[in-house]
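Thanks for asking me to look this one over. My notes are below as numbered points, so you can follow along with the structure open beside you.

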Amino acid sequence: MITAIICAAGKGERAGFSQNKVLQELNGMPVLCYSLSAFAACGADEILVTCREEDEKTILPLLRPYPRARLVRGGETRGQSVYNALKAAKGDIVLVHDAARPFVTEKIITDCVECVKTHGSGICALPATDTTVIAEGGDIIAHPARETVYTVQTPQGFLRKELLSAYEQAFAEGRQFTDESGVYGKYIAPPRLFMGERSNKKLTYPEDFQPAERVGFGVDTHAFYAEGEGMPFINFITLGGVRIPSEKILKAHSDGDVLVHALMDALLSEKGLRDIGYYFPDTDEKYKGANSMELLGEVVQMTGKPQNVSISILAETPRLAPYIEEMKKSLSSALGIPEENIGIAAGTNERLGYIGEKKGITVYATVLL
């Protein structure tokens, strides 16, 4: 039987909120609910949430969707709160997790359980990537070898009886520890590490509570030249930096890459910036016949590269399916992201409207940063 202990009895004073930081909303949901959902989805037999008396009325309604979750009164310190939960727990294995780490994944939880079953303990941790030092009074006194230094996360898993015994010995000696790996290592055995994830960060300061992800949306439409409108003597259109044979040619001040224009607007909108018409006006001769892929490079310098891109092209003509992989490769190079992070779909409009009548092309683009 597995018990998850979610530590939510702190105040989170460094976050600067008027309430417990794990009750603060993140992307529309209280921070605590992310951990509740994660452990419930992974099949924890019971979930114990430690909390202060003054938070009980607020937290209790959050537990209703999770029938295996219940409250445990927290103590004055983290160790006392975990100890109270250990005494109430029924599981043979306990996973102790910070409620302020809402991005814990199923893989982390599963790896933690397996590490406990194999080694008797499981401490989520990451190898240090920066040079680390030991300091006293502001002076560096030692440089530990970076390959020996890890940053510790949660969950931390143990056999319940062993961790309970460790805390009882610590309290008897009047010792305090900042986490369970410390008390376990002091009284039971060296704890075993398993690999964590960069995304499993702890929310500590106000800026940590900004939306975890931001979405940008862009749309652009270009019309085809009609017969007799003085169409240029070319037999292709450009989409995503790729030349595609076409009997119909798009009207444009630049090279008419309607896909890239929608993508640029999506990137700019995510950052709260103006649209491409503001930065690259079609009244400026400098942009006449401009290469849209070069303009995309300028936009990426303004916004940063996206995590992933989703693009939908509506066009009755030309046939685009044979060129989608080439477009993905072109955009991957321009954006500096893997091809698998770029999705491009092409469809018709079932012969309806201006698209169905072969009068133009519309592209929708969504980006995640």
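1. A word on vocabulary before we start: residues are in contact when heavy atoms of theirs lie within 4.5 Å. Please also keep in mind that this is a predicted model.

2. Let's begin with threonine 154, which sits in strand β10, spanning residues 150–159. Is threonine 154 buried or exposed? Its relative accessible area is 2%, so threonine 154 is buried, as the cut-off for that is under 20%. Setting aside neighbours within four places in sequence, threonine 154 is in contact with Arg78, Val96, His97, Asp98, Arg101, Cys124 and Asn200. With Asp98 there is something specific to look at: the side chain of threonine 154 reaches the backbone nitrogen of aspartate 98 at 3.0 Å.

3. Some of those names come back when we turn to charges. Arg78, Asp98, Arg101 and Glu180 are linked in a network of salt bridges. Over the whole structure, the search finds 12 salt bridges. The general idea will be familiar: side chains of opposite charge can pair when their charged atoms come close.

4. Helix α3 covers residues 78–88, and its buried residues are Gly79, Ser81, Val82, Tyr83, Ala85 and Leu86. What do the buried residues of α3 pack against? Their partners are the strands β1 (2–7), β4 (46–51), β5 (69–73) and β6 (93–98), together with the helices α5 (160–172) and α6 (180–187). Tyr83 deserves a second look, as ring pairs link Tyr83, Tyr167 and Phe171 into a cluster.

5. Two more salt bridges are worth a click. Glutamate 54 pairs with arginine 52, and their closest N and O atoms are 3.1 Å apart. The two ends differ in cover: glutamate 54 counts as exposed at 55% relative accessibility, whereas arginine 52 is buried at 16%. Glutamate 56 and arginine 73 also meet through their side chains in a salt bridge, at 2.6 Å from N to O. Because glutamate 56 lies in helix α2 (residues 56–59) and arginine 73 in strand β5, this pair ties together parts that are 17 residues apart in sequence. Both residues are partly exposed, glutamate 56 with a relative accessible area of 22% and arginine 73 with 40%.

6. Next is the salt bridge between arginine 214 and glutamate 270, with the closest N and O atoms 3.3 Å apart. The pair links distant parts of the chain, 56 residues apart: arginine 214 is in the loop between β11 (193–195) and β12, and glutamate 270 is in helix α7 (residues 258–270). Arginine 214 is partly exposed, with a relative accessible area of 44%, while glutamate 270 is buried at 3%.

7. Now for the aromatics. How many aromatic pairs does a search of the whole structure find? There are eight aromatic pairs. One of them joins phenylalanine 217 and tyrosine 364, and this pair is stacked, with 6.3 Å centre to centre and 25° between the planes. Phenylalanine 217 lies in strand β12 and tyrosine 364 in strand β17 (residues 360–368), so the pair ties together parts that are 147 residues apart in sequence. Phenylalanine 217 counts as partly exposed at 45% relative accessibility, and tyrosine 364 counts as partly exposed at 35%. Together with Val219, these two residues form a nonpolar patch on the surface, with about 260 Å² of accessible area together.

8. Please compare that with phenylalanine 280 and tyrosine 287. Their ring centres are 5.4 Å apart and their planes stand at 80°, so the pair is edge-to-face. Phenylalanine 280 is buried, with a relative accessible area of 11%, and tyrosine 287 also counts as buried, at 11%.

9. Finally, the surroundings of tyrosine 287, which is placed in the loop between α8 (276–279) and α9 (292–303). Not counting residues up to four places away in sequence, tyrosine 287 touches His253, Ser254, Tyr279, Phe280, Pro281 and Leu295. Serine 254 is 33 residues from tyrosine 287 along the chain, yet their C-alpha atoms are separated by 6.0 Å.

Methods
Residues are numbered from 1 along each chain as its sequence is written. This is a predicted model: local features need pLDDT of at least 70, side-chain atom pairs count only at pLDDT 80 or more; totals for chains, interfaces and linings use all residues. Side-chain values use heavy atoms; hydrogens and water are left out. Patches are made of residues with over 30% relative accessible area and no salt bridge: like charges are joined within 9 Å, nonpolar side chains (Val, Leu, Ile, Met, Phe, Trp, Tyr) within 5 Å. Accessible areas come from the Shrake-Rupley method with a 1.4 Å probe; for residues, only the protein chains shown count as cover. A salt bridge is a side-chain nitrogen of Lys or Arg within 4 Å of a carboxyl oxygen of Asp or Glu. Rings of Phe, Tyr and Trp (its six-membered ring) pair if their centres lie within 6.5 Å; planes under 30 degrees apart count as stacked, over 60 as edge-to-face and the rest as tilted. Helices (H or I, at least four residues) and strands (E, at least two) are DSSP runs, numbered from the N terminus. Buried means under 20% relative accessible area, exposed over 50%, partly exposed in between (1.4 Å probe, protein chains only). A polar contact is a pair of N or O atoms within 3.5 Å; within protein, one must be able to donate a hydrogen and the other to accept it, and residues adjacent in sequence count only if both atoms are side-chain atoms.
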